[in-house]
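User: I'd like to learn how to read a few features of a protein model, one at a time. Could you walk me through them?

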Amino acid sequence: MSNARKLANLLGTSTTVPSSKLSLVTSDLPAGCILQVQNVEFTQRHHISTTDRTGLSGQYAVSITPTSSSNKILVQTNIDCIAGDTNTIRAILVRNPSGGSAVDVAQLGWYSTSTNWDPFNTNFCHLDSPATTSAVAYYVEWRLEQTEIYVNYANNNAGFGSINDSRSTITAMEIAQ
């Protein structure tokens, strides 16, 4: 029986798959299929001016609950920033399991800015293996060597005063294994 037919039989007249029956459908899918996508978009401005490691968590994190502990999570970040003055910046992807301690899962990159108001973007993909069926949240943290960064700011000082502020996103996709 095809997966589409199994899904139709499970749903009947309902519009959602009961979580108790989701594993019956997803267990037959081939490796590499995307099982679910979770996305968070945020437009709020943030000014980070500490050299301590800090980040955007809470409402700026994407949360996903894997259906199998063997599945992978593909995390994509697109966070627009500008730097105040010359700076060296490190971006880190963090996984925070429900009820557990946050762990670093990937160093997304180093950025060196040479002048005031240099733009940079934490635009990366990382394939994670959380090995759990509990909810996990992903977010980005930065460590600044010197001055400050601004998240989701239009660069008014570079003549872009009429442009709206940025929209940053973090997306997590569960990939069947």
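Analyst: Happy to; we will go through strands, burial, contacts, an aromatic pair and disulfides. This is a predicted model, in which local features need pLDDT of at least 70, side-chain atom pairs count only at pLDDT 80 or more, and totals for chains, interfaces and linings use all residues. Residues are numbered from 1 along each chain as its sequence is written, and side-chain values use heavy atoms, leaving out hydrogens and water.

User: Which strand holds Ile 175?

Analyst: Strands are DSSP runs of E with at least two residues, numbered from the N terminus. Ile 175 belongs to strand β11, residues 168-175, and Ile 170 sits in β11 too.

User: Is Ile 175 buried or exposed?

Analyst: Buried means under 20% relative accessible area, exposed over 50% and partly exposed in between, using a 1.4 Å probe and protein chains only. Ile 175 is buried because its relative accessibility is 13%. Ile 170, at 1%, also counts as buried.

User: What is Ile 175 in contact with, beyond its neighbours within four places in sequence?

Analyst: Contact means heavy atoms within 4.5 Å. With those neighbours left aside, Ile 175 meets Gly 32, Cys 33, Ile 34, Asn 71, Lys 72 and Leu 74. Its C-alpha lies 6.0 Å from that of Leu 35, although 140 residues separate the two in sequence. For Ile 170, the contacts include Phe 42, Tyr 60, Thr 77 and Tyr 138. The C-alpha atoms of Ile 170 and Tyr 138 are 8.0 Å apart, with their positions 32 residues apart along the chain.

User: Where does Thr 77 lie?

Analyst: Thr 77 is part of strand β5, residues 72-84. It is buried, with a relative accessible area of 3%. Not counting residues up to four places away in sequence, Thr 77 touches several residues, among them Leu 93, Phe 124, Val 140 and Ile 170.

User: How many aromatic pairs are there?

Analyst: Rings of Phe, Tyr and Trp (its six-membered ring) pair if their centres lie within 6.5 Å; planes under 30 degrees apart are stacked, over 60 edge-to-face and the rest tilted. The structure has one such pair. The ring centres of Phe 42 and Tyr 60 are 5.0 Å apart and their planes are at 70°, so this pair is edge-to-face. Phe 42 is in strand β1 (34-42) and Tyr 60 in the loop between β3 (54-56) and β4 (62-64), so the pair ties together parts 18 residues apart in sequence. Both Phe 42 and Tyr 60 are buried.

User: How many disulfides does a search of the whole structure find?

Analyst: A disulfide is a pair of cysteine sulfur atoms within 2.5 Å. The search finds zero. Cys 81 is buried at 4% relative accessibility, whereas Cys 125 is exposed at 53%.

Definitions and conventions. Helix = DSSP H or I, 4+ residues; strand = E, 2+ residues; numbered from the N terminus.
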